[in-house]
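I opened this entry to look up two things, the sheet and the enclosed space, and I kept the cut-offs beside each result.

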Amino acid sequence: MTLTADLDLSQIPFWGLPQAERAEAFRRLRQMERPVFMREQVVPFIGGGPGFYALVRHADVIEASRNAAVFSSEPCSNSIPDMPRWLSQYFGSMINMDDPRHAQLRRIVSRAFTPRILSKMEEDLARAAAEIVDKAIEAGPGDFVAQVAARLPVRVICDMMGIPPESHDMVLQNTNVILGNADPEYSGVAPDLTRRNVAKGLAKLMRAGYALNRLAARLGDERRKRPTGDLVSLLVNGEERLTPQQLGSFFILLVVAGSETTRNAIAHGLKLFTDHADQRAILMNNFEGHIVAACDEIIRYSTPVIQFRRTLTQDHEMNGMRYKKGDKVLLFYNSANRDEAVFSDPDTFDITRDPNPHVGFGGPGPHYCLGAHLARREMTVMFRELYTRLPHIKSVGEPDYLLSNFINGIKHMRYTF
């Protein structure tokens, strides 16, 4: 079928549409008889392919996530076109792997996300949130993302890795470039696919990847000689360890997935509580009783990570649809999280929603987000600090959204308290 521009998820202009229009487009796609095939754009210097099927229903996303043997993360899950080697060396990591390689790396890095370690971090998280709010009060209302939302996640990840405070801003700036490579503010070029603009954008992307990779490599060298007990020390010493290349690509994955997504959840959360005074009142009436469910509803409603790709390893039938070996499918978590077949009143923000089987941390299976519990803890301590000390805090006006088909990001958002 021929798609109209307001339904063509493969085109850059679609992702610049207002949030409500995009949500309506996905609702219409969910109503179609079967997943729609969309032609893939060819990107200069990278290439492309024939296209992809858009998996927009909750049932399809769940089943494809569980069946990793058929719906593979190889050769690439975080890019619609296959990544050339000169990109994948920085942006590959274990999210672009299947078991057993994926399981081996996940087993190594999961040591940083055990309940015991996360519990030990509680005091550090609370102290960091308090310091961030201290500085926001001192500076006065401005850009909530820059002053508050972006600060806690990047600090947490950098502290876990043992990265000194003077490098935190550098890490933040480079993660902005990596996830905002389609957005003119971060790429520095117009969002089109002319060879000149793509070349400039890719050069900036490579510089960002190289800078973070080198930072991780230097830390790895230091911790091999003098372990300090931080995450890098755990990852480069012991019987199972990461190679320098694996450490660099994992670090980029961690700062991108671990800081950018949580910062967007915090920003979306303030906007949602501003727009939905009834839900804010419920939270304020019993913060500790509602905050865990509130965090999950923020994640469901905003879905910071929009989609990941899978590639069929064999011919396969799923929910009445036949796929062929080599077909690409995109798992649209944002659409699955609004599926009327699963969620009652899916477009309603309701922090008392129960059950809430959202896929905001990915579907069930081997690639479920390792940092899901950490993200909830960060959101909890930040909102606790904000609403305890600044009970009248609220966003002002419409946020400035990131142009991206991968991250539902907020670049800037005015706020007052």
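I took two strands as paired if DSSP finds at least two bridges between them, with helices (H or I, at least four residues) and strands (E, at least two) read as DSSP runs numbered from the N terminus. The model is predicted, so I noted that local features need pLDDT of at least 70 and side-chain atom pairs pLDDT 80 or more, while totals for chains, interfaces and linings use all residues. Residues are numbered from 1 along each chain as its sequence is written, and side-chain values use heavy atoms, without hydrogens and water.

Sheet. I found 5 strands in an open sheet of mixed pairing, ordered β1-β2-β7-β4-β3. Because β1 (36-39) and β3 (71-72) are at the edges and have a single partner strand each, one side of each lacks a neighbour in the sheet. I traced β3 to β4 (residues 307-312), an antiparallel pairing over 2 bridges, in which F71 has L312 of β4 as its bridge partner.

Cavities. I counted as a cavity a set of points, on a 1 Å grid over the protein atoms alone, where a 1.4 Å probe fits but cannot get out, with lining residues having an atom within 4 Å of a point. There are 2 cavities of 30 Å³ or more, and the second largest has a volume of about 60 Å³, taken as the space filled by probe spheres set on the points, which are joined across faces, edges and corners. Its lining includes N176, Y186, E260 and K411, and α13 (244-275) gives the largest share, 3 residues.

Methods. On a 1 Å grid over the protein atoms alone, a cavity is a set of points where a 1.4 Å probe fits but cannot get out, and a pocket is an open set with protein on both sides within 12 Å along at least five of seven lines; lining residues have an atom within 4 Å of a point.
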